[in-house]
Amino acid sequence: MVNKKKLIFISGTGRSGTHLVGRSISSHPDITPRIEAPETFGLVTRIATTQDIAFPLKTFLFKTLLKYRLTKIFKNSDNHILEKSHPSLWLVDFLFKTYKDSKFIFVYRDLEPTVSSMLEHKGVRTWYNRLPQNKSNRFLGINKQNVNEFDTYNIEEKCALRWKSHCDEIFRLKEKYPEQIFVLKYDDFLTNPDKFLEEISGFLDIPNTYTPETFKIESLDKWKNKLSKDQLDKIRNAVK
């Protein structure tokens, strides 16, 4: 049993390596992993994707249910709990208010590899069919500046704006909660895991006794062979 257990949230931009980072940190003997666990992942995703457009009461009820489930899970564990649900980025203020000693680790990648992965992932692309595109929604990157044109953008531009919205939120929150948030660039972690696992140990105040899997760093440049020049131009111009 750990001395003072804590909730550790793994979040990020999506398609940025949160799974691998979550598994690596969960290899610690004092951490119980919950990688997109069904009791909470669906709720987190529902809140994150609809809180800007849903009735406030509905969002409040979903948050209350999430709090109940997380509290029960945490109470029944002797270990730290790692909750990997990447849309939790959009619930940080609520989660810090509810669990004051919790920690967040945000994972991000550069624009091009993230969008390349988004374009390959059917689940990511379906959000543009499932959610209205004529209402501001931070999860999709729709704001008051682009809400009237967003529906006319191509898929590359939409994914790029979603990436930008998530990255902006990551660094806004890091400035607001500097002691409770660790920001990690996936590519750096993959190429030098020992360095960053040592830093994460200090951040979480736990011993550095991880046993992570072997990483395939050659995967970092796959996007370069998948995006055309036309796609790259659309992606880069969208966030200028």
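Two strands count as paired if DSSP finds at least two bridges between them. Keep that rule in hand for this predicted model. Strand β1 covers residues 7-12 and strand β3 covers residues 80-84. They run parallel and are joined by 4 bridges, so the pairing rule is met. One contact to look up is Ile8, whose bridge partner in β3 is Leu82.

Now widen the view to the sheet. It is open and has 5 strands, in the order β2-β3-β1-β4-β5, with parallel pairing. The edges are β2 (31-35) and β5 (181-185), each of which pairs on one side only. Neighbouring strands are turned by 20 degrees against each other on average, direction ignored.

Helix α3, residues 56-75, packs on this sheet. The helix touches β1, β2 and β3. Its direction makes about 145 degrees with that of β3. Helix α3 also holds Phe60. Is Phe60 buried or exposed? Its relative accessibility is 53%, and the exposed class begins over 50%, so Phe60 counts as exposed. Together with Leu57 and Leu61, Phe60 makes a nonpolar surface patch of about 340 Å².

Next, the charged pairs. The whole structure contains 18 salt bridges. Three of them are worth a visit.

Start with Lys4 and Asp101, whose side chains meet at 3.8 Å, N to O. This pair links distant parts of the chain, 97 residues apart. Lys4 sits in the segment before β1, while Asp101 is in the loop between α4 (92-98) and β4 (103-108). Lys4 is exposed, at 59% relative accessible area. Asp101 is partly exposed, at 49%.

Then take Arg138 and Asp52, which form a salt bridge at 2.8 Å, N to O. Arg138 lies in the loop between α7 (127-130) and α8 (155-176), and Asp52 in the loop between α2 (38-50) and α3, so the bridge ties together parts 86 residues apart in sequence. Both ends are partly exposed: Arg138 has a relative accessible area of 35%, and Asp52 has 31%.

Last come Asp93 and Lys176. Their closest N and O atoms are 3.1 Å apart. Why does this salt bridge tie together parts that are 83 residues apart in sequence? Because Asp93 lies in helix α4 and Lys176 in helix α8. Asp93 is partly exposed, at 33%, and Lys176 is partly exposed, at 45%. The pair does not stand alone: salt bridges that share partners join Asp93, Glu169, Arg172 and Lys176 into one network.

Note on methods
Residues are numbered from 1 along each chain as its sequence is written. This is a predicted model: local features need pLDDT of at least 70, side-chain atom pairs count only at pLDDT 80 or more; totals for chains, interfaces and linings use all residues. Side-chain values use heavy atoms; hydrogens and water are left out. Helices (H or I, at least four residues) and strands (E, at least two) are DSSP runs, numbered from the N terminus. Axes are lines fitted to C-alpha atoms, for helices over the stretch in contact, and angles run from 0 to 180 degrees between N-to-C directions. Contact means heavy atoms within 4.5 Å. Patches are made of residues with over 30% relative accessible area and no salt bridge: like charges are joined within 9 Å, nonpolar side chains (Val, Leu, Ile, Met, Phe, Trp, Tyr) within 5 Å. Accessible areas come from the Shrake-Rupley method with a 1.4 Å probe; for residues, only the protein chains shown count as cover. A salt bridge is a side-chain nitrogen of Lys or Arg within 4 Å of a carboxyl oxygen of Asp or Glu. Buried means under 20% relative accessible area, exposed over 50%, partly exposed in between (1.4 Å probe, protein chains only).
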